[in-house]
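Welcome to this guided tour! Open your viewer, get ready to select residues, and follow along stop by stop.

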Amino acid sequence: MNQKNVEFLQDQIKFTGFGESMDGVLKDNILKGEAEFKLNHEVKYGTDTVNATLNFKKSDQSDMYFFNSYKISLQKDDSKEALEQTFFINKDNNITAKEAYNLMEGRSVNKDLKTKEGEAYNSWIQMDFKQADNSNGNFKLNHYHQNYGYDLESSLAKHPIKELENPMYKEDLINSLKKGNLQSVTFKIDGTENKQFVEANPHFKTINVYNENKQRIRISESKDQKQGESEGKSMAKDSKQKQDAEDPESEEKAKSKTRKNRQAHSI
């Protein structure tokens, strides 16, 4: 058994968000020497159950194994059918397990990525439940690149959020939203404090706000924010071609994406 390869895989699993509970079973499968094997992992986020299947394959030229991808199956408490998506492991463009869950919840994740040519760029990613890839059954991932013009900090500043008054809390809030989390905050309105939840909305260049029961609400918005949302709608169609051109997926491949029956199960 290649011990360095085992340790490398263990680190990959850990930093992709699956922890260290599979270290033993990983070794057992590698010792068997089979060409491929899978590891299963289950975690709950609130009332949602997330089952992950991690896929490993042995090299044709050596005894090394590679962690190629993982498939997430999200079973929501209020849905009979699970939502599924496969995420591929790439040294520069990995999506963690929690980020994958947030994407499948319909939220957006901010990532520092690299093109095939190795050029670094920053982008917000959001799952498009209206488009699927016939080659692997995945939903398309839309990219809102840095030149799209979404400024999360400015969007937050248009709301009376108490945590923005403390630099440390502000930084934690922004980092959490960039990971795709639905984050609890405190709104200060007319001298009273109310617990709300917020999430990033790069498509419309704003944030979504929910009440303490996590129900979407409309609150008083500034003129600038309304204008930003309006601009986001008008730019969506015009920027689609540009986004697709910058997307790591080729434009030709993107054109082949069509609807599937399971697209109706949007979250």
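Begin with the whole chain: of its 267 residues, 43% are buried (buried means under 20% relative accessible area, exposed over 50%, and partly exposed in between, with a 1.4 Å probe and protein chains only). This is a predicted model, where local features need pLDDT of at least 70 and side-chain atom pairs count only at pLDDT 80 or more, while totals for chains, interfaces and linings use all residues. Residues are numbered from 1 along each chain as its sequence is written, and side-chain values use heavy atoms, leaving out hydrogens and water.

**The overall fold.** Switch to a cartoon view to find seven helices and ten strands (DSSP runs numbered from the N terminus, with at least four residues of H or I for a helix and at least two of E for a strand).

**The nonpolar cores.** Next, select Ile13, Phe18, Leu54, Phe56, Phe67, Tyr70 and Phe87, the residues with the most contacts inside the largest nonpolar core, which has 35 residues. Such a core is a set of buried Ala, Val, Leu, Ile, Met, Phe, Trp, Tyr and Cys residues joined through side-chain atoms within 4.5 Å. In soluble globular proteins, nonpolar side chains tend to be buried together. Now centre on Phe67: leaving aside neighbours within four places in sequence, its contacts (heavy atoms within 4.5 Å) include Leu9, Ile13, Phe18, Leu54, Phe56 and Ile89. Apart from the largest core lies another, of 16 residues; select Ile161, Ile174, Val185 and Ala200, which are among them.

**A buried lysine.** Move on to Lys111 in strand E5 (residues 109–114). Is Lys111 buried or exposed? Lys111 counts as buried because its relative accessible area is 13%. Show side chains here, and you will find a polar contact between those of Lys111 and Glu99, at 3.0 Å (a pair of N or O atoms within 3.5 Å; within protein, one must be able to donate a hydrogen and the other to accept it, and residues adjacent in sequence count only if both atoms are side-chain atoms). Not counting residues up to four places away in sequence, Lys111 also touches others, including Asn94, Tyr121 and Ile125.

**The hairpin.** Finish by selecting strands E9 (residues 192–201) and E10, which run antiparallel and are joined by five bridges. One pair to look for is Phe197 with its bridge partner in E10, Tyr210. The two strands form a hairpin with four residues between them, and Lys205 in the turn has a positive phi of about 55°. Which way do the residues of E10 point? Thr206, Asn208 and Tyr210 point one way, Ile207 and Val209 the other, and all are buried.

Methods:
Pairing = 2+ DSSP bridges.
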